[in-house]
Amino acid sequence: MTKPWWSKKWGKDKICGITHARLRPGTNKNGTHHTTVLKCQHGFYTNPLLEWVKNCPTDIPTCPVCRIEFKLIDLIC
Ligand SMILES: [Zn+2]
């Protein structure tokens, strides 16, 4: 049983599935988290993920990495 990746120290292996940039913790000046973790445990920068959802051809967005369906209400972190 491994710990969820967000419970570990942020490191170089935590890469956004869309931008491939290293994820970083914290919030921006609007209080929005920089990153979002889907229930499939894939992490993304929030803005590219919202763009992805916006451009999604179906009503139910899918994870850019593993294609599991999620709802925006599922967004955490
Ligand atoms: Zn995923």
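Is Arg67 exposed or buried, counting other C-beta atoms within 10 Å? Arg67 is exposed, because 8 other C-beta atoms lie within 10 Å. The legends below return to this residue.

**View 1. The whole chain, as a predicted model.** This is a predicted model, in which local features need pLDDT of at least 70, side-chain atom pairs count only at pLDDT 80 or more, and totals for chains, interfaces and linings use all residues. Numbering starts from 1 along each chain, following the sequence as written. The term pLDDT is the predictor's confidence in each residue, from 0 to 100. The chain averages 79. A pLDDT of at least 70 is reached by 77% of the residues. One helix and two strands are present. Their order from the N terminus is β-β-α. Helices (H or I, at least four residues) and strands (E, at least two) are DSSP runs, numbered from the N terminus. Strand β1 (residues 35–37) has the lowest confidence, with a mean of 87. Strand β2 (residues 43–45) has the highest, at 91.

**View 2. Burial and contacts across the chain.** The chain has 77 residues, and 12% of them count as buried. Buried means that 20 or more other C-beta atoms lie within 10 Å of the residue's own; exposed means 12 or fewer; partly exposed is in between, with C-beta atoms placed from the backbone. Two residues are in contact if their C-beta atoms, placed from the backbone, lie within 7 Å. Take the contacts with a separation of 6 or more: residues 24 or more positions apart account for 47% of these.

**View 3. Close-up of Ile18, in the segment before β1.** Ile18 counts as partly exposed because it has 16 C-beta neighbours inside 10 Å. Its contacts, leaving aside neighbours within four places in sequence, are Phe44, Tyr45, Pro48, Leu49, Trp52 and Pro64. Trp52 is 34 residues from Ile18 in sequence. In space, the C-alpha atoms of Ile18 and Trp52 are 8.6 Å apart.

**View 4. Close-up of Tyr45, in strand β2.** Tyr45 has 19 C-beta neighbours inside 10 Å, so it counts as partly exposed. Residues up to four places away in sequence are not counted in its contact list. Tyr45 then touches Cys16, Ile18, Thr19, Ala21, Leu23, His34 and Thr35. Thr35 and Tyr45 are 10 residues apart in sequence. Their C-alpha atoms are 4.2 Å apart.

**View 5. Close-up of Cys40, in the loop between β1 and β2.** Cys40 counts as partly exposed because 15 C-beta neighbours lie inside 10 Å. Leaving aside neighbours within four places in sequence, Cys40 is in contact with Cys63, Cys66 and Ile68. Cys66 is 26 residues from Cys40 in sequence. From C-alpha to C-alpha, Cys40 and Cys66 are 8.0 Å apart.

**View 6. Close-up of Gln41, in the loop between β1 and β2.** Gln41 is not a glycine, yet it has a positive phi of about 80°. Gln41 counts as exposed because it has 12 C-beta neighbours inside 10 Å.

**View 7. Close-up of Arg67, in the segment after α1 (46–54).** Arg67 has a positive phi of about 70°. Arg67 is not a glycine either. With 8 other C-beta atoms within 10 Å, Arg67 is exposed.
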